[in-house]
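Reader: Hi! I have a new structure open and would love a friendly walk through it. Could you help me find my way around?

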Amino acid sequence: IFESDDPIEIAGHAVEQGDDENDNMNEETPCQQLQQQHNSQREQSSLFVRDFPKDRTVVVVDPPRKGCSAEFLDQLYRFRPQRIVYMSCDPATQARDARGIVDAGYEVTSIQPFDLFPQTRHIENLMVFEKRS
């Protein structure tokens, strides 16, 4: 279905955990791991390091509860992928980020909440954005 799958992780602890898990696997994975440390603005500015075809690229975002950083969102807006799929465990920060994504030229095409923690206030929420023509 996809020509390539290139995950990019900017959380240092998640990169280390992924390295450990990949080291323990006996088979190769089809994913190329593009790892980024986010210690400086300069390093953040090179997050989208490959020349992906923007008209066919989907960026999947699953940030921590605090939402996406301003630096990441600025890069995302400059890159302008065709579609953004945004999973969130905090609808409030997702709504904040969604406002910026819509203002950057996208429209919401799908919203789907998931109640994975019944009888608690916690939900996961998935939003899909498509670039407006």
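Author: Happy to! One term will help before we begin: a residue is called buried under 20% relative accessible area, exposed over 50%, and partly exposed in between. Take Arg96 as a try-out: its relative accessibility is 44%, so Arg96 counts as partly exposed. Please keep in mind that this is a predicted model.

Reader: Good to know. How many helices and strands does the protein chain have?

Author: There are four helices and six strands in the protein chain. Going along the sequence, they follow the pattern β-α-β-α-β-α-β-α-β-β.

Reader: And how much of the chain is buried?

Author: Of the 133 residues in the protein chain, 32% are buried.

Reader: Okay, the strands next. In what order do they sit in the open sheet?

Author: Four strands make up that open sheet, in the order β3-β4-β6-β5, and their pairing is mixed. The edges are β3, residues 58-61, and β5, residues 106-114, each of which pairs on one side only. On average, neighbouring strands here are turned by 15 degrees against each other, direction ignored.

Reader: In what sense do β4 and β6 pair?

Author: Antiparallel, over six bridges, with β4 covering residues 83-88 and β6 covering residues 124-131. You can follow the partners on your screen: Arg83 has Glu130 as its bridge partner in β6, and Ile84 has Phe129.

Reader: What about β5 and β6?

Author: β5 and β6 also pair in the antiparallel sense, over eight bridges. One place to look is Pro113, which stands opposite Asn125 in β6.

Reader: Is β6 enclosed or open to the outside, and why?

Author: Six of the eight residues of β6 are buried, so this strand is largely enclosed by the rest of the structure.

Reader: Changing topic: how many salt bridges does the structure hold?

Author: Three. One of them joins the side chains of Glu130 and Arg83, at 2.2 Å from N to O. Glu130 belongs to strand β6 and Arg83 to strand β4, so this pair ties together parts that are 47 residues apart in sequence.

Reader: Those two were bridge partners as well, right, so are they buried or exposed?

Author: Yes, Glu130 is the bridge partner of Arg83 in β6. Glu130 is buried, at 15% relative accessibility, while Arg83 is partly exposed at 32%.

Reader: Which residues form salt bridges besides that pair?

Author: Arg96 meets Asp97 in a salt bridge, with 2.9 Å from N to O. Arg96 is the partly exposed residue we began with, and Asp97 is buried, with a relative accessible area of 2%. Then there is Arg99 with Asp103, whose closest N and O atoms are 3.6 Å apart. Arg99 and Asp103 are four residues apart in helix α4, so about one helical turn separates them. Asp103 is exposed, at 57% relative accessible area.

Reader: Where does helix α4 lie?

Author: Helix α4, residues 91-103, lies across β4, β5 and β6, and runs at about 165 degrees to β4.

Reader: What is in the loop between β4 and α4?

Author: Asp90 is one residue to find there. Asp90 is buried yet has no salt bridge, and the nearest side chain of opposite charge, Arg65, is 4.9 Å away.

Reader: Why doesn't that distance count as a salt bridge?

Author: Because a salt bridge needs a side-chain nitrogen of Lys or Arg within 4 Å of a carboxyl oxygen of Asp or Glu. The side chain of Asp90 does have a polar atom 3.0 Å from the backbone nitrogen of Ala92.

Reader: Last topic: which residues other than glycine have a positive phi?

Author: Two to look at are Arg80, with phi near 55 degrees, and Gln119, with phi near 65 degrees. For background, most residues other than glycine have a negative phi.

Reader: Where are they, and are they buried or exposed?

Author: Arg80 sits in the loop between α3, residues 70-79, and β4, and is partly exposed with a relative accessible area of 26%. Gln119 is in the loop between β5 and β6, and counts as exposed at 84% relative accessibility.

Reader: Thanks, that was a lovely tour!

How values were computed. Residues numbered from 1 in each chain as written. Predicted model: local features only at pLDDT ≥ 70, side-chain atom pairs only at ≥ 80, totals over all residues. Heavy atoms only, no water. Pairing = 2+ DSSP bridges. Axes fitted to C-alpha atoms, helices over the stretch in contact; angles between N-to-C directions. Contact = heavy atoms within 4.5 Å. Buried < 20%, exposed > 50% of the residue type's maximum accessible area, 1.4 Å probe, protein only. Lys, Arg positive; Asp, Glu negative; His and termini not counted. Polar contact = N/O pair within 3.5 Å; in protein donor to acceptor, adjacent residues only side chain to side chain.
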